[in-house]
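Student: Could you walk me through how the helices in this model pack together? I'd like the reasoning along with the answers.

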Amino acid sequence: MDQKQPKNYLIESILVTIFCCQPFGIVSIVYASQVNSKYTLGDYDGALQASKNAKKWMIWGLIVGLIIAVGFLLFYGAVFFSMFRQNSF
């Protein structure tokens with residue numbers, strides 16, 4: 001094989017699954033786990049496509065996780081600010 005093995009994004013996918021968004025992270029892990037085996041079997045195009053899919057799902061999981069985290073921070077910040085203004089805590 002004269003082509004370099006594509007990056008599998010497995011570590012990144014696991015981190016996204018643990019810290020950000022499990023559904024997207026799990027899909028990313030599935031694709032990431034396919035990269036090495038497809039490359040070993042000589043399916044470079046399949047390995048490359050699996051790598052691209054793993055990266056795509058990992059990035060989407062990261063984005064969704066960050067949006068949810070920011071949403072929670074804004075919500076709880078607004079609740080705290082409302083309580084602080086009313087002196088009810």
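Student: Which residues of α3 does α2 meet?
Tutor: This is a predicted model, so keep that in mind throughout. On the α2 side, the residues in the contact are Phe24, Val27, Ser28, Tyr31, Ala32, Gln34, Val35, Lys38 and Tyr39. In α3 they meet Tyr44, Gly46, Ala47, Ala50, Ser51, Asn53, Ala54, Trp57, Met58, Trp60, Gly61 and Val64.

Student: How do the residues of that α2 and α3 contact divide by class?
Tutor: Tyr and Trp count as nonpolar here, whereas Gly is put with the polar ones. With that sorting, the contact of α2 with α3 comes out at 14 nonpolar, six polar and one charged.

Student: Are α2 and α3 roughly parallel or antiparallel?
Tutor: Their axes come within 8 Å and cross at roughly 160°. Angles over 145 degrees count as roughly antiparallel. So α2 relative to α3 is roughly antiparallel.

Student: What is the handedness of the crossing where α2 passes α3?
Tutor: The angle of roughly 160° doesn't state the hand, so look at the crossing separately. For α2 passing α3, that crossing is left-handed.

Student: Is Ser51 buried or exposed?
Tutor: Ser51 sits in helix α3, which spans residues 44-86. Leaving out residues up to four places away in sequence, Ser51 touches Pro6, Lys7, Tyr9 and Val35. Its relative accessible area is 6%, and under 20% is the cut-off, so Ser51 is buried.

Student: What is unusual to check in the backbone of Tyr9, and what is its phi?
Tutor: Tyr9 is found in the segment before α1. Its relative accessible area of 14% is under the 20% cut-off, so Tyr9 is buried. As for the backbone, Tyr9 is not a glycine, yet its phi is positive, at about 60°.

Student: Which residue does Lys7 form a salt bridge with?
Tutor: The rule asks for a side-chain nitrogen of Lys or Arg within 4 Å of a carboxyl oxygen of Asp or Glu. By that rule the count comes to one salt bridge. For Lys7, the closest N and O atoms are 3.1 Å apart, and the partner is Glu12.

Student: Do Lys7 and Glu12 count as buried, partly exposed or exposed, and what are the values behind that?
Tutor: Partly exposed covers what lies between the 20% and 50% cut-offs. Lys7 has 45% relative accessibility, so Lys7 counts as partly exposed. Glu12 has 26%, so Glu12 also counts as partly exposed.

Student: What angle do α1 and α3 pack at, and which term fits it?
Tutor: Helix α1 covers residues 10-19, and its axis lies 9 Å from that of α3. The contact is made by Glu12, Ser13 and Val16 of α1 with Ala54, Met58, Gly61 and Leu62 of α3. The packing angle is about 30°, and angles under 35 degrees count as roughly parallel, so α1 and α3 are roughly parallel.

Student: How does α1 pack against α2, roughly parallel or antiparallel?
Tutor: Helix α2 runs over residues 22-40, and the α1 and α2 axes are 8 Å apart at an angle of about 160°. With the 145 degree cut-off, that makes α1 relative to α2 roughly antiparallel.

Student: And how do the residues of the α1 and α2 contact divide by class?
Tutor: From α1 come Leu10, Ser13, Ile14, Val16 and Thr17. From α2 come Gln22, Gly25, Ile26, Ser28, Ile29 and Ala32. Sorted by class, they give six nonpolar, five polar and no charged.

Student: What is the relative accessible area of Ser13?
Tutor: Ser13 is in helix α1. Leaving out residues up to four places away in sequence, Ser13 touches Gly25, Ser28, Ile29, Ala32, Ala54 and Met58. Ser13 is buried, and its relative accessible area is 0%.

Student: How far apart in space are the C-alpha atoms of Lys55 and Cys21?
Tutor: Lys55 is found in helix α3, and its relative accessible area of 37% makes it partly exposed. Along the chain, Lys55 and Cys21 are 34 residues apart. In space, their C-alpha atoms are separated by 14 Å.

Technical notes
Residues are numbered from 1 along each chain as its sequence is written. This is a predicted model: local features need pLDDT of at least 70, side-chain atom pairs count only at pLDDT 80 or more; totals for chains, interfaces and linings use all residues. Side-chain values use heavy atoms; hydrogens and water are left out. Helices (H or I, at least four residues) and strands (E, at least two) are DSSP runs, numbered from the N terminus. Buried means under 20% relative accessible area, exposed over 50%, partly exposed in between (1.4 Å probe, protein chains only). Contact means heavy atoms within 4.5 Å. Axes are lines fitted to C-alpha atoms, for helices over the stretch in contact, and angles run from 0 to 180 degrees between N-to-C directions. Angles under 35 degrees count as roughly parallel, over 145 as roughly antiparallel, 65 to 115 as roughly perpendicular and the rest as oblique.
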